[in-house]
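Q: I have a model on screen and a list of labels attached to it. Take me through how each label is earned.

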Amino acid sequence: LAYALAFSLRTFQGPVVNHLEVAVPTPLARTFTYLADSPVPPGMRVLVPFGRRRVVGVALGPAQAELEAGTQLKKIEKILDDTPSYSETVLAIARWISTYYMHPLGEVLRTMLPASSEKVAKDLLALTPEGEQARSAASTSEGQFLKLLFGKKKTEMSYGAALGKSKRLAGEATIGSDAFTVRQLVKSGLVVKRRGSTMRAREMQTEEVERAPEPLSPAQRGVAPELRPAQRQAVDRICQALRPTRDGSPAAESKVFLLHGVTGSGKTEVYIQLIEEVLKESGHQALLLVPEISLTPQMTQVFERRFPGIVAVVHSAMTDIARWQELQRIRAGTARILIGPRSAVFGPFGKLALILVDEEHDGSYKQSTGLTYNGRDVAVLRGKLEKAAVVLGSATPSMESYQNALAGRYELLEMPERVTGRPLPEINIIPCEKKRGLGTVVKAHSARPHADDVQADERDDIPIDPKILEALEQNRLAGRQAIVLVNRRGYAYYLFSLQERQAVPCPNCSISLTLHARSTVLRCHYCDYKTTVERIVAERPGDTLIAVGYGSQKAEDCLAAKLPKARITRLDSDIVVDREVLPKVLEKFRRGDIDILVGTQILAKGHDFPNVTLIVILEVDQLLNLPDFRAGERTFQLIVQAAGRAGRADLPGKVLIQTVRAENPLVLAALEQDYKGFAASELKFRRAHEYPPFTRMIAIEINGPHKPRLETLCTQMERWQDELAVKQPNLAAKVRILGPSVPPIETIRGRHRRTVIFSSGDLQALRTVSQAFVTAFGKLPPKVRLRIDVDPQSL
Ligand code: ADP
Ligand code: ZN
């Protein structure tokens, strides 16, 4: 880290006053020089001509690079900010990220802010008189009506009135991206486009800043329980690091704590009391990072109740405007606490004193496309730069963080007991027979099938052990609730063709299609290709097609058939697509209107339902089989986190795991819920095989539509490695290079892929070699793309 930081902080010498260095969002790994009438402070957004376009760049300061003779500099067109959008610290973070994650600075800066005012300003829409007529006929609000017109899934949009009391914007909506729909709508005559200006977006910001926080009334703040000894200890210890030094200046340096508290040990209450400490210092702010916030609305409610009026919340389901506004409250200091997913780590804080990362092991902190940063790691870096205390909390810390704690880089704080004093739920294994025939025949020997036939044949069910059904029924009769976890979404896993002896594949990807909607629809989970079973059957006369395996949809159906009295609801990412459904279902579950919630892993995360006493995990086998060195860690986390949802209040909890690999050591380790024991053996394995956290990895994916071209390139890459070994044997010896190899899923969306994985315990050597590689192959053949993933979370 220190190395990369030093690497990115460049020294400025001999600046030319009117030459401005600007970061422009472009894949080119460089910055650009523009002319400015007067010096522009770093962090201000500027409108600049770039090629044939005008783009929003970020001023970095006076340019120091020597200009080539005869270079014609262009002038910046407009300064878009009154005060810098990016603080000095945020700029420093951006530079570090740009170097560490090997991503162009301009793109990094763009990723850091929500697609802000410029985009927002471009597409303001208003209803025409005809549109207004149609709206009143439909008797809906303007916002609802526009939503209706757009189809809410397709477009990121927000309604002007939601901006608060801003009368000026009433009757307008902003559209994020879907230019096609906008055009269609304008054609229909129902809406007109109003070209907004960047000025307008700026006015909106200033208006928002004036929104005053509500006064804190102690009665409204919720009652703070008396802390348990372990909580008290953690709070006291971290407060020491938070407390400003005698002279009132902030802590001299940042400290990182790893808060390892078992599920139900009351980590949230620790966070709350730490934030209270932060609020005692005027102007100090706190950041709480949470995984996929839209999944845990309950968490934000707790904070909003305890800190009314001063909590800003951002999440991925929000529109750009709404997100921008929340961040403005942080920038203005009217909000003191920001809660959000990974991107919140870039928030515009005035004085950030505390960063909390809840469920720090969670995979959603890592962005997998574009800028592949890990929010948790950036949080640690930001803490360092801001001299803020950082707390990473988890019941199942990542191996990376745990190793950092063992090595003394982080301070380990442990909360080994639940606040209720109850033991962790008991976990039982229900062994399952290996195979039970092939699956369900969807349709045989019919040239003209009908959807009804397909369903009629769907009489098979999934293997759920009678002991599990019995436990679910008893639990319901006792008035308690249960969660059933299934590993994948969809109805059945895939459709197997007996004639071709393979699963029906996606035409664009080298993966089989998944059955949905009671085996009537086939979908690709990678490119979202859809087709019907009816069509597939028609295309294959004489073939026999068999639905193999099961997903959450079928599990729901089967449980409903076998437990007719139970009220069963399903929750998985297919359902969560509709943003309004999730909070509704969770609320219903909380109220006790649902007996059994069936779903995928999203159910295993963080929820606190006091009446849940039984957790069933229907299959961990698929997870264990992943060709990834983290498979063990993930399985352990899933089981322990899922178990953590049971028996949280004063009722004992129970977990049943059905598996064909009952004797697997990982499953057995998870049974004990002995994190330390698991971590010790897992770290031993990682060390022996030179895997992270003992090494760092950089994965580079090369993809393109043309296979021979890709293969030629791979041959060149192999030759490059041979040359490196000859030319720089010392360097080459320090870095292990795997590949180019064919990844488990070779083709996605018609693009063939190859991966090269660099790994080394020597970060500097790793960076030098991978950077040399990227430079050597900087000029790629047409349509070939290179994707860099630093510290990849899955291989
Ligand atoms: P974790 O995040 O560690 O799994 P939570 O923070 O969700 O656990 O706490 C579990 C439950 O215990 C919550 O309902 C919380 O309100 C409650 N709780 C936390 N601390 C205390 C305490 N000191 N006394 C009583 N109840 C507490
Ligand atoms: Zn596909």
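Q: Which residues are closest to ligand 1?
A: In this predicted model, P225, G266, K267, T268 and E269 are the closest. The full shell holds 16 residues. A residue joins the shell if its C-beta atom lies within 6 Å of the molecule.

Q: Which helix gives the most to the shell around ligand 1?
A: Helix α10, residues 267–279, with three residues.

Q: What makes up the shell around ligand 1, by residue class?
A: Three residues are nonpolar, seven polar and six charged. Gly counts as polar under this scheme.

Q: Why is C509 called buried?
A: The cut-off for buried is 20 or more other C-beta atoms within 10 Å. C509 has 20, so C509 is buried. C509 sits in the loop between β21 (502–503) and β22.

Q: Why does C524 count as buried?
A: C524 has 20 C-beta neighbours inside 10 Å, and the cut-off is 20 or more, so C524 is buried. C524 lies in the loop between β23 and β24.

Q: What does C509 contact beyond its neighbours within four places in sequence?
A: C524, Y526, C527, I745, T747, I748 and R749. Contact requires C-beta atoms within 7 Å.

Q: What does C524 touch, not counting residues up to four places away in sequence?
A: C506, N508, C509, I511, L513 and Y529.

Q: Which residues does UniProt list for "binding site"?
A: The unreviewed entry lists C506, C509, C524 and C527. They are spread over 22 residues of sequence but cluster in space, with a largest C-alpha distance of 8.7 Å.

Q: What makes the sheet β22-β23-β24 an open one, and which are its edge strands?
A: Three strands form the sheet in that order, with antiparallel pairing. The edges are β22 (514–516) and β24 (530–532), since each pairs on one side only. Neighbouring strands are turned by 35° against each other on average, direction ignored.

Q: How do you know that β23 and β24 pair?
A: Pairing needs at least two bridges. Three bridges join β23 (residues 521–523) to β24, so the two strands pair. L522 stands opposite T531 in β24.

Q: Why is P229 called exposed?
A: Exposed means 12 or fewer other C-beta atoms within 10 Å. P229 has 9, so P229 is exposed. P229 belongs to helix α9 (residues 229–242). The C-alpha atoms of P229 and M415 are separated by 9.0 Å, although the two residues are 186 residues apart along the chain.

Q: What makes the phi of K387 worth flagging?
A: Most residues other than glycine have a negative phi. Phi of K387 is near 55°, a positive value. K387 lies in the loop between α13 (375–386) and β15 (389–394).

Q: Why is K387 called partly exposed?
A: Its count is 17 other C-beta atoms within 10 Å. Exposed stops at 12 and buried starts at 20, so K387 falls in between.

Q: What is the phi of R749, and why is R749 called partly exposed?
A: Phi of R749 is near 50°, a positive value in a residue other than glycine. R749 has 14 other C-beta atoms within 10 Å, between the two cut-offs, so R749 is partly exposed. The loop between β32 (747–748) and β33 (751–760) holds R749.

Q: Where are the cis peptide bonds that involve P693 and P740?
A: One joins P692 and P693, with omega about 10°. Another joins G739 and P740, also with omega about 10°. Most peptide bonds are trans. P693 is in the loop between α24 (675–688) and β30 (696–704), while P740 lies in strand β31 (residues 736–741).

Technical notes
Residues numbered from 1 in each chain as written. Chains lettered and ligands numbered in written order. Predicted model: local features only at pLDDT ≥ 70, side-chain atom pairs only at ≥ 80, totals over all residues. Helix = DSSP H or I, 4+ residues; strand = E, 2+ residues; numbered from the N terminus. Axes fitted to C-alpha atoms, helices over the stretch in contact; angles between N-to-C directions. UniProt positions renumbered as here; feature names shortened; annotations may be inferred. Contact = placed C-beta atoms within 7 Å.
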